[in-house]
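User: I have a model in front of me and would like to know what stands behind the terms used to describe it. Please set each value against its definition.

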Amino acid sequence: HWTLEESMLHSSYFYGALELHRDKGIRSLKNFFATAGISPSAYKQLYSGMPMPIRKTIQKKFSEHGKAYGLSKETQVEGGRRDTAAISEIEREAMKENFWRAFDTILCKDPAALETGIKEAVEVAKAVQSLGRFIKDTKAMNKSSRFFWCKVEQPPHMFRHHLSLRRLAVWLLHVLFIDRPKSEEKERPMMVIVRDAVRETYLCVGATPNKMSDDRDEFGHLFRSVLRADRTLKYRYDFFDKSCIEIACDDFDRFWEILTDTA
């Protein structure tokens with residue numbers, strides 16, 4: 001029982017494709033409605049109350065006008081399953097755009113871009129502190145024989161990126177153990193796991209205390225051991241940081257069982 005606007009704002013696909021965590025994304029959403037001929041009075045009321053002509057043609061409007069806003073690719077296939085290839089292509093295009101935006105920022109072609117980047121970095125830092133505090137306060141941290149770990153099923157959108165997730169893992173490592181005046185727990189590596197609702201995967205990132213430098217690749221070794229043990233797992237393991245891995249949701253339980261047995 002949402003309005004069309006609320007539905008899109010809470011959809012992981014539209015949130016990611018339009019970058020709705022940024023002001024630019026919100027403006028794009030408003031512009032899309034205007035281009036598609038959907039008035040504020042229509043998209044701000046419950047879907048069941050929208051004018052019938054708009055409800056009957058809404059799919060056509062998305063097909064005709066979505067391309068200009070990065071919404072042209074279908075992300076569902078027959079049966080309602082996600083088209084992961086289409087999602088991956090959308091994300092590759094977004095990565096290209098971000099690269100050239102960063103390139104232009106370094107060359108100072110657009111001073112406003114540097115200001116935007118600083119603001120986004122501040123937002124990431126705030127999100128890390130907020131989610132880290134939630135994990136700490138709710139005692140969501142668990143312990144296996146070799147590392148601490150926590151799992152977040154509904155993380156903020158920015159933690160779909162492995163670098164943001166690494167910042168969270170390092171923050172937790174320092175707050176809970178390294179920088180804590182009187183920590184009763186011995187320092188151990190830590191893994192943070194978050195669900196990516198867009199890609200239907202779990203992203204796992206490991207962090208190791210500096211004093212355990214000889215074991216820096218501990219998680220990389222564990223991940224590779226699991227992949228050798230079960231070659232049917234669906235995964236992504238092409239990150240520069242080998243302590244990061246992405247596992248399909250349907251395969252995560254098998255992955256985790258082998259991982260904890262190995263550890």
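Analyst: A helix here is a DSSP run of H or I with at least four residues, numbered from the N terminus. Ile106 belongs to one of these runs, helix H6, which spans residues 84-106. The model is a predicted one.

User: How do you know whether Ile106 is buried or exposed?

Analyst: Exposed means over 50% relative accessible area. Ile106 has 68% relative accessibility, so Ile106 counts as exposed.

User: What makes the nonpolar surface patch that includes Ile106?

Analyst: Patch residues need over 30% relative accessible area and no salt bridge, and nonpolar side chains are joined within 5 Å. Phe99, Trp100, Phe103, Ile106 and Leu107 make up this patch, of about 570 Å². For the protein chain as a whole, the exposed area is about 15,700 Å², with carbon and sulfur atoms supplying 53% of it.

User: How many helices and strands are there, and what order do the strands of the sheet take?

Analyst: The protein chain has 10 helices and six strands. An open sheet of six strands runs in the order E1-E2-E3-E4-E6-E5, and its pairing is mixed. Strand E1 (142-143) and strand E5 (235-236) are called edge strands because each pairs on one side only.

User: Why are E1 and E2 called a pair?

Analyst: Two strands pair if DSSP finds at least two bridges between them. E1 and E2 are joined by two bridges and run antiparallel. Within E2, Phe148 is the residue opposite Lys143.

User: What makes the pairing mixed?

Analyst: Strands of a sheet may pair either parallel or antiparallel. Five bridges link E2 and E3 in the parallel sense, and Cys150 has Val192 in E3 as its bridge partner. E3 and E4 are antiparallel, over seven bridges; there Ile193 faces Cys204 in E4. The hairpin of E3 and E4 has four residues between the strands, and Glu200 in it takes a positive phi near 55°.

User: Why is E3 called largely enclosed by the rest of the structure?

Analyst: Buried means under 20% relative accessible area. Six of the seven residues of E3 are buried, so the strand is largely enclosed by the rest of the structure. Over the 263 residues of the protein chain, buried residues make up 39%.

User: Which residues touch the most other members of the largest nonpolar core?

Analyst: Ile135, Met141, Leu165, Leu168, Leu172, Met190 and Val192 do, out of 25 residues in that core. Helix H7 (111-137), E2, H8, strand E3 (190-196) and strand E4 (201-207) each supply at least two residues. H8 gives the most, with seven residues. Buried residues of H8 include Leu165, Leu168, Ala169 and Leu172, and their cover includes H7, E2, E3, E4 and strand E6 (244-248).

User: How do you know what Val192 is in contact with?

Analyst: Contact means heavy atoms within 4.5 Å. Apart from its neighbours within four places in sequence, Val192 is in contact with Cys150, Leu165, Leu168, Ala169, Leu172, Leu203, Cys204 and Val205. Cys204 is itself listed in a second, separate core of 20 residues, along with Tyr202, Leu233 and Leu259.

User: Where does His157 lie, and what is in contact with it?

Analyst: His157 is in the loop between strand E2 (148-152) and helix H8 (162-178). Leaving aside neighbours within four places in sequence, its contacts are Tyr15, Gly16 and His21. Tyr15 and His157 are 142 residues apart in sequence, while their C-alpha atoms are 7.9 Å apart.

How values were computed
Residues are numbered from 1 along each chain as its sequence is written. This is a predicted model: local features need pLDDT of at least 70, side-chain atom pairs count only at pLDDT 80 or more; totals for chains, interfaces and linings use all residues. Side-chain values use heavy atoms; hydrogens and water are left out. Patches are made of residues with over 30% relative accessible area and no salt bridge: like charges are joined within 9 Å, nonpolar side chains (Val, Leu, Ile, Met, Phe, Trp, Tyr) within 5 Å. Accessible areas come from the Shrake-Rupley method with a 1.4 Å probe; for residues, only the protein chains shown count as cover. A salt bridge is a side-chain nitrogen of Lys or Arg within 4 Å of a carboxyl oxygen of Asp or Glu. Buried means under 20% relative accessible area, exposed over 50%, partly exposed in between (1.4 Å probe, protein chains only). A nonpolar core is a set of buried Ala, Val, Leu, Ile, Met, Phe, Trp, Tyr and Cys residues joined through side-chain atoms within 4.5 Å.
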